[in-house]
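Please read this report alongside the sequence and the 3D structure. It takes up a few buried residues, a nonpolar core and a pair of helices.

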Amino acid sequence: MSKTDRKQIAFLGTGLMGAPMVRCLLKAGFPVTVWNRDPAKAAPLVADGASQAQSPVEAVTGADVVFTMLTNGAAVADVLFDKGVADAMAKDTIVVDCSSIAPPIARENAEKLADRGIRNLDAPVSGGTAGAAAGTLAIMAGGDAADVEDLKDVFAALGRVTHVGPSGAGQICKLANQQIVAVTIGAVAEAMVLVEAGGASRAAFRDAIRGGFAESRILDLHGARMVERNFVPGGASANQLKDLDAVMAMAEDLSLTLPLTREVRQEFRDFVDQGGAEKDHSGLLLHLEKLNPKTGKTS
C-alpha cells in the first residue's frame with residue numbers, strides 16, 4: 001500500500017499517551033492530523049510529520065479514522081458532540097476512543113454516533129507511556145468485530161488489539177485491567193515498606209524475586225520507580241483513582257463485593273487528597289511510608 005493509499009487519521013488528544021501513539025502511526029506511514037486543547041502539546045508532533053489543526057472539527061474533516069485520547073467521559077462527549085466533531089465527520093468514519101471512560105458512556109456515545117452513520121470502537125489501551133512509545137500497547141476493542149478487522153493495519157502500528165465484545169466491552173476490560181494494576185502496585189509498595197523496615201535492600205529484594213511467581217510488569221517498571229523514587233507521572237494517581245471509582249460504581253450496579261479493590265481505592269483516595277494527584281501511581285509508596293514512619297522514608 002502506498003503512502004497516499006493509507007487511511008487518513010485524525011488524533012484528538014496528544015498528551016502523555018496520545019503523543020507517542022501519534023509518532024507510532026507516523027512511523028508506520030499514516031498521514032495524521034493532530035489537535036489538542038493546549039496547542040503547545042500538539043505542536044512538537046509537526047516536526048515528526050503530523051499536520052496540526054486549530055480545532056477538532058478541522059482535524060476530522062476528511063479523516064477515515066478519528067482517534068480520541070482524552071481525560072474522561074465528559075471531555076469525550078464535549079469534543080464529539082458539543083464541539084461539532086460528530087457532525088463534521090463523513091458517514092462510515094470510524095471513531096476509535098482510546099480514553100478510559102465509564103462503559104455506559106461508551107455505549108451511549110456509540111449509539112449517538114451510529115445515529116449519524118458513524119462507526120465506533122471503544123478501544124482503551126494498557127502499557128503506559130513506555131508501551132505507547134514502543135508500539136506495544138494492549139488494545140481492548142469493544143464494538144463491531146468487522147470494524148476492528150478493517151483497522152488491523154492501524155492497530156498494528158500501536159500494539160496488539162483484541163476484540164473483546166460489543167460497545168462498552170473494551171471499557172469494562174480496561175477497568176478490570178486497572179483493578180489488577182492498582183492492587184498489584186499496592187502489593188509491591190507494601191512489600192517495599194516491609195523489606196526496608198526489616199533491614200533488607202529494596203533494590204536487592206526486587207532483583208531477588210524477579211523470575212519467580214511474583215514477577216510482573218508492575219514489579220519490573222513500577223518496582224524500579226519505587227527503588228529509584230522516580231514518581232514523575234507516566235500514569236497519574238488521579239487517573240488511577242478515577243478508574244477505581246468507575247470499577248466500584250460498576251461493582252455496585254452488579255451487586256459485587258470487591259474487598260481488595262475497595263481497600264486500594266481508599267488508599268489512592270487518601271494519597272490524592274494529600275497532594276499526590278499528579279504523582280505517578282507507583283507513588284502510592286509515599287502514602288504507605290507516611291503510614292509507617294519507622295521505614296525512615298517520608299518523601
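## Buried residues, a core and a helix pair

Phe-155 has a relative accessibility of 1%, so Phe-155 counts as buried, the cut-off for buried being under 20%. The model described here is predicted. Phe-155 belongs to helix H9, which covers residues 152-156. Setting aside residues up to four places away in sequence, its contacts are Val-96, Leu-121, Ile-139, Val-148 and Val-161. Phe-155 and Leu-25 are 130 residues apart along the chain, yet 8.9 Å separates their C-alpha atoms.

A second buried residue is His-287, in helix H15 (residues 284-291). Its relative accessibility is 3%, and therefore His-287 also counts as buried. Beyond residues up to four places away in sequence, His-287 touches Glu-267, Asp-270, Phe-271 and Gln-274. The table sets these two residues side by side.

| Residue | Helix | Relative accessibility |
|---|---|---|
| Phe-155 | H9 (residues 152-156) | 1% |
| His-287 | H15 (residues 284-291) | 3% |

**The nonpolar core**

The largest nonpolar core holds 34 residues. Within this core, the residues that touch the most other members are Phe-11, Met-21, Leu-25, Val-32, Phe-67 and Val-96. At least two residues of the core come from each of strand E1 (9-12), helix H1 (18-27), strand E2 (32-35), strand E4 (65-68), strand E5 (94-97), strand E8 (137-142) and H9. Which of these elements gives the most to the core? H1 does, with six residues.

Val-96 is one of the core residues with the most contacts to other members. Apart from neighbours within four places in sequence, Val-96 is in contact with Val-65, Val-66, Phe-67 and Thr-68. Its other contacts counted in this way are Leu-121, Ala-123, Leu-151 and Phe-155. Leu-121 is also touched by Phe-155.

**Helices H10 and H12**

Two packed helices are described by the angle between their axes and the distance between the axes. For helix H10 (residues 169-197) and helix H12 (residues 217-228), the axes come within 10 Å and cross at roughly 45°. H10 and H12 are therefore oblique to each other. Their crossing is right-handed.

Which residues of H10 and H12 meet? From H10 there are Val-181, Thr-184, Ile-185, Val-188, Ala-189 and Met-192. From H12 there are Ile-218, Leu-219, His-222, Gly-223, Met-226 and Val-227. Sorted by class, this contact has nine nonpolar residues, three polar residues and no charged residues.

Technical notes:
Residues numbered from 1 in each chain as written. Predicted model: local features only at pLDDT ≥ 70, side-chain atom pairs only at ≥ 80, totals over all residues. Heavy atoms only, no water. Helix = DSSP H or I, 4+ residues; strand = E, 2+ residues; numbered from the N terminus. Buried < 20%, exposed > 50% of the residue type's maximum accessible area, 1.4 Å probe, protein only. Contact = heavy atoms within 4.5 Å. Axes fitted to C-alpha atoms, helices over the stretch in contact; angles between N-to-C directions. Parallel < 35°, antiparallel > 145°, perpendicular 65-115°, else oblique. Left-handed = near helix turned anticlockwise from the far one by under 90°. Nonpolar A, V, L, I, M, F, W, Y, C, P; charged D, E, K, R; others polar. Core = buried A, V, L, I, M, F, W, Y, C linked by side-chain atoms within 4.5 Å.
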